[in-house]
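I am opening a fresh page to write down what I looked up in this structure, going from the whole chain to a single residue.

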Amino acid sequence: MKSWRPYALLVVAAIALDQWLKYLVETGLAFQERLDLLPFLALYRTYNTGIAFSLFSSFGDTGLVVVAVLVVAFVLYLAARTPSGHLLARIGFALIVGGALGNLIDRAAYGHVIDYVLFHTPVWSFAVFNLADAFISVGAVLVVFDELIGWRRGTSSD
């Protein structure tokens with residue numbers, strides 16, 4: 001088994017960058033006032049009391065913390081079972097864990113997750129999200145892509 005150190009460092013870097021940006025947003029951006037950067041991109045500080053597009057906010061802080069911990073534990077289990085040759089999957093798992101822990105820190109400390117990125121048009125807008133959410137999404141894409149590469153080559157994950 002190759003060293004897990006690079007993946008652990010990626011997790012720590014993802015958490016640190018996520019928390020630093022959220023600190024800058026909290027201290028420098030007015031709450032729920034859009035700051036347009038491009039015609040389709042704005043900064044918009046808001047709070048998410050649920051998970052993934054405000055789903056499950058009825059679970060409460062404790063319930064959502066428990067769900068997040070279980071998800072992180074499951075992803076770590078999958079990562080541990082992933083062969084060392086599956087670099088994209090391992091990077092993906094590290095990004096997922098880093099993003100999930102970044103949002104978990106917010107939820108445990110503040111009772112909500114700090115979101116601030118808004119893609120929009122004059123008649124449509126995407127849900128507001130943060131860097132941790134982007135890490136989770138990119139990580140998931142890398143894991144799926146790694147699986148597709150393995151499937152295409154006719155190799156299994158073992």
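What share of the contacts in the protein with a separation of 6 or more comes from residues 24 or more positions apart? I found that such residues account for 66% of these contacts, and I keep in mind that the model I am reading is a predicted one.

Next I looked up the elements, and I noted four helices and three strands in the protein, which follow the pattern α-β-β-α-α-β-α when I read along the sequence.

I then turned to the surface, where the accessible area of the protein comes to about 9400 Å², and I wrote down that 70% of this area belongs to carbon and sulfur atoms. Of the 158 residues, 37% count as buried.

For a helix to check by arithmetic I chose H3, which runs over residues 87–110. Its 24 residues, at 1.5 Å a residue, should span 34 Å, and because I found its end C-alpha atoms 35 Å apart, I recorded that the two values agree. Just after H3 I came to glycine 111, which takes a positive phi of about 85°.

Within H3 I stopped at arginine 90 and asked myself whether arginine 90 is buried or exposed. Its relative accessible area is 3%, and a residue under 20% counts as buried, so I entered arginine 90 as buried.

Last, I looked up a pair of residues that includes arginine 90, the other being tryptophan 4. They are 86 residues apart along the chain, while their C-alpha atoms are separated by 9.2 Å.

Technical notes:
Residues numbered from 1 in each chain as written. Predicted model: local features only at pLDDT ≥ 70, side-chain atom pairs only at ≥ 80, totals over all residues. Heavy atoms only, no water. Helix = DSSP H or I, 4+ residues; strand = E, 2+ residues; numbered from the N terminus. Buried < 20%, exposed > 50% of the residue type's maximum accessible area, 1.4 Å probe, protein only. Contact = heavy atoms within 4.5 Å. Areas by Shrake-Rupley, 256 points an atom, 1.4 Å probe, with all protein chains shown as cover. Expected span 1.5 Å × (residues − 1).
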